[in-house]
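Subject: A structure for you to look at

Hi,

Here is the structure I promised to pass on. Have a look at it first, then read my notes below with the viewer open.

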Amino acid sequence: MPGYFAKTEQHRRLVLKALLWITMIGGLFFSVVNLMHDNWLLAGLEIGYAGVSLYLLTIIDKTSNLQLLTAIYLLPFFSIMIVALAQTTTSFAVFAWIQTIPIICYLLLGLRLGMYGSILFVGIGLFVFSRRFSSDEILQNVEIIANLGLASLAVMIFAHIYERSRILNEKRLTEQATTDALTGLPNRLKLAEVFERERAHALRNGTPLSLVFIDIDHFKQINDRFGHEVGDRALAHFAKVLAQRLRINDLFCRLGGEEFAVLLSGSKTAQARDIAESLRERLAAEPLVVDDSTLHMTLSAGVACFGVDGQSLDELMQAADRRTYAAKRAGRNRVITQENMAPALD
């Protein structure tokens with residue numbers, strides 16, 4: 001789901017930007033505080049990472065591998081937290097930063113990596129805290145570590161639940177936005193999204209790519225004769241019958257009304273024509289039963305080929321649409337390609 005992944009990356013890019021600003025401002029502030037306590041090591045690390053944050057802010061919108069950049073940034077960022085916690089000149093309040101790790105990890109790295117990162121660095125933080133702030137009272141030590149550990153676990157669980165819910169909601173909304181409600185087929189928005197991916201693949205590898213434009217013959221008459229409810233049933237029947245004849249990698253879409261399209265990756269014009277013919281024959285062989293009547297349905301289709309008929313989706317759609325119109329003028333219930341376009345217009 002490219003649309004979903006694009007939204008997720010945009011979300012994570014915004015979160016990382018916010019973290020970079022916080023790191024830069026916080027790093028400068030706490031470096032001054034640590035200089036006042038003569039903690040030169042931590043002050044130097046914080047000043048250095050404030051500079052790194054400023055640099056990353058200038059390139060974050062340009063990077064093509066956001067997850068790698070995020071992982072490279074977070075590893076030393078969390079390590080500095082651990083170093084700060086281990087320093088004898090810092091207070092136990094530094095552990096508050098350790099508890100932000102699960103939230104940061106889940107928001108920037110996702111469920112799996114977020115969980116692994118949280119367990120690793122929070123675990124190290126708890127260990128360092130227990131070593132540095134331990135007392136002679138064993139029961140008191142257990143009580144402190146148990147409280148901090150449970151609080152950290154709660155933050156991690158809440159962050160996990162939030163991120164999982166966000167992912168599921170974004171997937172659901174993306175699917176709703178790219179799916180036709182009546183037929184359950186992908187819509188024009190999904191076609192445009194998938195076409196860009198297949199176009200890049202075709203240009204990179206020199207593989208063929210074809211588009212079939214399909215129109216149901218005399219669909220207006222179906223609505224006028226039987227009503228719109230039967231018309232909707234006819235559209236759903238059409239989608240179900242044709243989907244059964246397509247390959248798993250073929251994208252079958254409803255464009256609107258009685259217009260449909262099939263994007264055929266790896267298919268040349270002749271292969272696309274054969275597929276369209278098989279769809280036409282399958283539809284003709286499986287009529288829709290309406291009460292006691294049998295409703296025979298046919299289709300007209302036009303085939304366009306990437307490179308031959310254009311480079312963009314609009315160009316392919318226009319070429320395929322012209323051929324579908326030619327198929328209707330030639331008597332309907334047929335498939336028109338570039339090769340048999342001229343006879344169809346005679």
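Below is what turned up, going from the sheet to the helices around it and then to the rest of the chain.

One thing to keep in mind: this is a predicted model.

**The sheet**

Let's start with the sheet, which is open and has 5 strands in the order 2-3-1-6-7, with mixed pairing. Strand 2 (251-256) and strand 7 sit at the edges, each pairing on one side only.

Which way do the neighbours of strand 1 run relative to it? Strand 3 is antiparallel to strand 1, and 7 bridges join the two. Strand 6 is also antiparallel to strand 1, again with 7 bridges. If you want to find these pairs on screen, look for Val212 opposite Val262 in strand 3, and for Asp215 opposite Ser300 in strand 6. Strand 6 and strand 7, on the other hand, run parallel and are joined by 2 bridges. There, Gly302 has Ile336 of strand 7 as its bridge partner.

Now for a bit of background. In a regular strand, the side chains alternate between the two faces of the sheet. You can follow this along strand 1: Leu209, Leu211, Phe213 and Asp215 are on one side, Ser210, Val212, Ile214 and Ile216 are on the other, and all of them are buried. That is why both faces of this strand count as covered, with 8 of its 8 residues buried.

**Helices around the sheet**

What lies against the sheet? Helix 9 packs on it and touches strand 1, strand 2, strand 3 and strand 6, and its direction makes about 160 degrees with that of strand 2. Helix 11 (residues 313-329) lies across strand 1, strand 2, strand 6 and strand 7, at about 145 degrees to strand 6.

Helix 10 (residues 269-285) is a nice one for checking a helix by hand. At 1.5 Å a residue, its 17 residues should span 24 Å, and the end C-alpha atoms are indeed 24 Å apart, so the two values agree. Its buried residues are Thr269, Ala272, Ile275, Ala276, Ser278, Leu279, Arg280 and Leu283. Among the elements covering them are helix 9 (228-243), strand 3 (259-265) and strand 6 (299-305).

Is Arg323, which lies in helix 11, buried or exposed? Its relative accessibility is 6%, so Arg323 counts as buried.

**The other helices**

Helix 5 (residues 101-132) and helix 6 (residues 138-177) pack at an angle of about 175 degrees, and their axes are 10 Å apart. Because of that angle, helix 5 is roughly antiparallel to helix 6. Their contact has 17 nonpolar, 6 polar and 2 charged residues.

You can repeat the length check on helix 3 (residues 66-86): its 21 residues reach 30 Å from first C-alpha to last, close to the 30 Å expected. Many names are on its buried list, including Leu66, Tyr73, Phe77, Phe78 and Met81.

In helix 2 (residues 40-59) you'll find Leu54, which is partly exposed, with a relative accessible area of 46%.

**Two distances to try**

How many Å separate the C-alpha atoms of Arg323 and Gly44? The answer is 70 Å, with their positions 279 residues apart along the chain. For Leu54 and Glu286, which are 232 residues apart along the chain, the C-alpha separation is 65 Å.

Cheers

Definitions and conventions:
Residues are numbered from 1 along each chain as its sequence is written. This is a predicted model: local features need pLDDT of at least 70, side-chain atom pairs count only at pLDDT 80 or more; totals for chains, interfaces and linings use all residues. Side-chain values use heavy atoms; hydrogens and water are left out. Axes are lines fitted to C-alpha atoms, for helices over the stretch in contact, and angles run from 0 to 180 degrees between N-to-C directions. Helices (H or I, at least four residues) and strands (E, at least two) are DSSP runs, numbered from the N terminus. Angles under 35 degrees count as roughly parallel, over 145 as roughly antiparallel, 65 to 115 as roughly perpendicular and the rest as oblique. Ala, Val, Leu, Ile, Met, Phe, Trp, Tyr, Cys and Pro count as nonpolar, Asp, Glu, Lys and Arg as charged, and the others, Gly among them, as polar. The expected span of a helix is 1.5 Å times one less than its number of residues. Buried means under 20% relative accessible area, exposed over 50%, partly exposed in between (1.4 Å probe, protein chains only). Contact means heavy atoms within 4.5 Å. Two strands pair if DSSP finds at least two bridges between them.
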